[in-house]
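Dear colleague,

Please find below the structure I am handing over to you, followed by a summary of what was found in it.

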Amino acid sequence: MQASRARLFKEYKEVQREKGVDPDIQLICDDSNIFKWTALIKGPSETPYEGGVFQLAFAIPEQYPLLPPQVRFLTKIFHPNVHFKTGEICLDILKNAWSPAWTLQSVCRAIIALMSHPEPDSPLNCDSGNLLRSGDVRGYRSMARMYTKLAAMPKKGAESSHTL
Amino acid sequence: MAAEAEASVRKRKAGEDADHGSGVDVHVEAVDSATAEPPSTEEIPKSSDDTAFNSNPNPSESFLFEDDYGYSCSCVDDGDIMKQYTDIRAVEAAKIPYLGDKEPLSSLAAEFQSGSPILQEKIKLLGEQYAAIRRTRGDGNCFYRGFMYSYLEHILDAQDKAEVDRVLSNIEQCRKTLQFLGYADFTFEDFFSIFIEQLESVLQGSETSISHEELLKRSRDQSISDYVVMFFRFVTAGEIRRRAEFFEPFVAGLSNMSVNQFVKASVEPMGEESDHVHIIALSDALGVPIRVVYLDRSSCDSSSPTINHHDFIPSSSSSSASDHLTKSRVTLLYRPGHYDILYPN
């Protein structure tokens with residue numbers, strides 16, 4: 001508990017120091033709880049997520065960094081490896097391939113890389129996975145694009161709380 | 001940053017409590033996985049989900065956006081298998097602490113009493129050179145855990161201040177290696193300081209000095225033991241990557257991964273088992289010789305089996321190798337898939 005707090009504090013300082021270095025990621029620590037973070041990540045270019053801003057929720061276990069953070073999408077996303085309802089992410093480094101060498105920041109980068117390179121053979125979202133597996137890239141892209149527009153882009157006229 | 005975003009997905013989804021018996025039909029399984037979702041799904045009215053599902057006898061009619069009939073999701077299925085596998089391992093592992101008590105070698109003989117005659121013969125031979133064994137938990141970290149205790153116990157027994165100073169300077173090199181490779185300091189420094197703390201406290205004569213009992217207690221305490229294991233994993237990872245060219249053929253013999261992928265997948269994560277690649281790297285990086293004694297059924301001549309061992313001599317060792325070997329050697333007993341600590345006569 002003490003060790004995880006100390007580590008998270010170091011990550012917090014690093015995030016403050018490196019602010020803006022990676023324009024695609026904005027990590028925010030909860031005001032009152034260092035074990036709760038959120039991140040805003042930009043959908044990578046040349047993907048159906050381009051132009052969208054996606055919110056991630058981090059719940060960090062007491063045994064961090066020996067155990068991985070629990071991360072899920074708060075913003076709805078149509079992607080083979082993200083559960084459509086819960087936002088759960090199927091990514092090895094968040095499960096058995098986790099190591100303390102990863103950081104909250106590098107986890108965000110891994111998730112952005114996953115958005116660019118979906119793995120349809122181990123889907124959490126079967127519909128999305130099936131579209132890609134059956135070769136219907138156009139179908140997948142248009143569904144993913146629609147949800148990006150619906151959920152991850154500021155609506156015209158509405159306050160744009162999701163801008164980076 | 002060291003951890004560049006290499007996203008790869010494994011067919012696995014941990015953290016699910018689904019306990020599927022065999023022979024469940026599709027409907028039951030789908031409902032199971034719906035109710036076994038992580039507790040963080042507060043925005044989803046679960047009960048209505050279940051009813052919606054049950055009232056639809058043909059899930060394929062609601063093909064789009066009803067992905068909670070998870071039976072075709074290999075991620076979920078494989079996740080269940082993996083979960084079951086890790087559960088079994090956890091139950092097995094909990095039977096012994098991270099490090100057991102020192103046991104006479106006869107306890108090993110008793111274990112194989114009704115086993116292979118070759119093994120029985122080999123254990124008898126083992127008894128000529130070794131007096132005792134200390135078992136480690138089979139949680140994938142046994143090599144590092146065995147090395148940790150064996151090495152620290154050796155320092156405690158020998159009160160070898162020179163060896164501590166020597167290894168401290170090697171540790172400094174390892175730190176520089178990791179920095180050079182691009183690891184952020186804060187990712188590894190806590191693990192380094194926990195090990196250095198243990199190393200210094202086994203030397204007697206200071207306020208923080210500890211006894212054998214305390215060393216064993218700490219080695220069984222997860223918050224110290226796992227941190228030391230992770231320290232060794234960082235050191236091993238740094239050494240393999242620093243000398244990637246040297247290790248490449250070894251890695252190629254074990255897997256079809258690149259050296260960096262291998263380090264990410266098989267060295268840095270806790271619970272990943274160790275092979276000769278890891279042992280060479282750790283021994284070289286810290287400059288500590290390791291003897292591994294092999295106990296398996298292999299035998300050139302079944303009438304007179306011999307015990308094989310391999311000495312891992314650090315490549316950078318400045319003093320003569322024989323000098324090193326007598327001074328500080330960690331001796332481990334290898335049975336396929338597992339390392340325990342051996343005590344010479």
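In this predicted model, helix α10 of chain B (residues 222–242) has 21 residues and spans 29 Å from its first C-alpha to its last, close to the 30 Å expected at 1.5 Å a residue. Of its 21 residues, 18 are buried, so α10(B) is largely enclosed by the rest of the structure. The N-terminal end of α10(B) is capped by Asp221(B), which has a side-chain oxygen 2.9 Å from the backbone nitrogen of Ser223(B).

With regard to aromatic contacts, a search of the whole structure gives 28 aromatic pairs over all chains. One of them joins Phe147(B) and Tyr151(B), which are stacked, with 5.8 Å between centres and 5 degrees between the planes. Because these two residues are four apart in helix α6 of chain B (residues 142–158), about one helical turn separates Phe147(B) from Tyr151(B). Phe147(B) has 0% relative accessibility and therefore counts as buried; Tyr151(B), at 1%, also counts as buried.

A further pair, Tyr294(B) and Tyr334(B), is edge-to-face, at 5.6 Å centre to centre and 70 degrees between the planes. This pair links distant parts of the chain, since Tyr294(B) belongs to strand β3 (residues 290–294) and Tyr334(B) to strand β5 (residues 330–335), 40 residues apart. Tyr294(B) counts as partly exposed at 23% relative accessibility, and Tyr334(B) is partly exposed with a relative accessible area of 22%.

Two contacts between a charge and a ring may also be of interest to you. The charged end of Lys102(B) sits over the ring of Tyr343(B), 4.0 Å from the ring centre. Arg243(B) lies over the face of Phe246(B), 4.5 Å from the centre of that ring.

Yours sincerely

How values were computed. Residues are numbered from 1 along each chain as its sequence is written. Chains are lettered from A and ligands numbered from 1 in the order in which they are written. This is a predicted model: local features need pLDDT of at least 70, side-chain atom pairs count only at pLDDT 80 or more; totals for chains, interfaces and linings use all residues. Side-chain values use heavy atoms; hydrogens and water are left out. The expected span of a helix is 1.5 Å times one less than its number of residues. Buried means under 20% relative accessible area, exposed over 50%, partly exposed in between (1.4 Å probe, protein chains only). A polar contact is a pair of N or O atoms within 3.5 Å; within protein, one must be able to donate a hydrogen and the other to accept it, and residues adjacent in sequence count only if both atoms are side-chain atoms. Rings of Phe, Tyr and Trp (its six-membered ring) pair if their centres lie within 6.5 Å; planes under 30 degrees apart count as stacked, over 60 as edge-to-face and the rest as tilted. A charge sits over a ring if NZ of Lys or CZ of Arg is within 6 Å of the ring centre and within 35 degrees of the ring normal.
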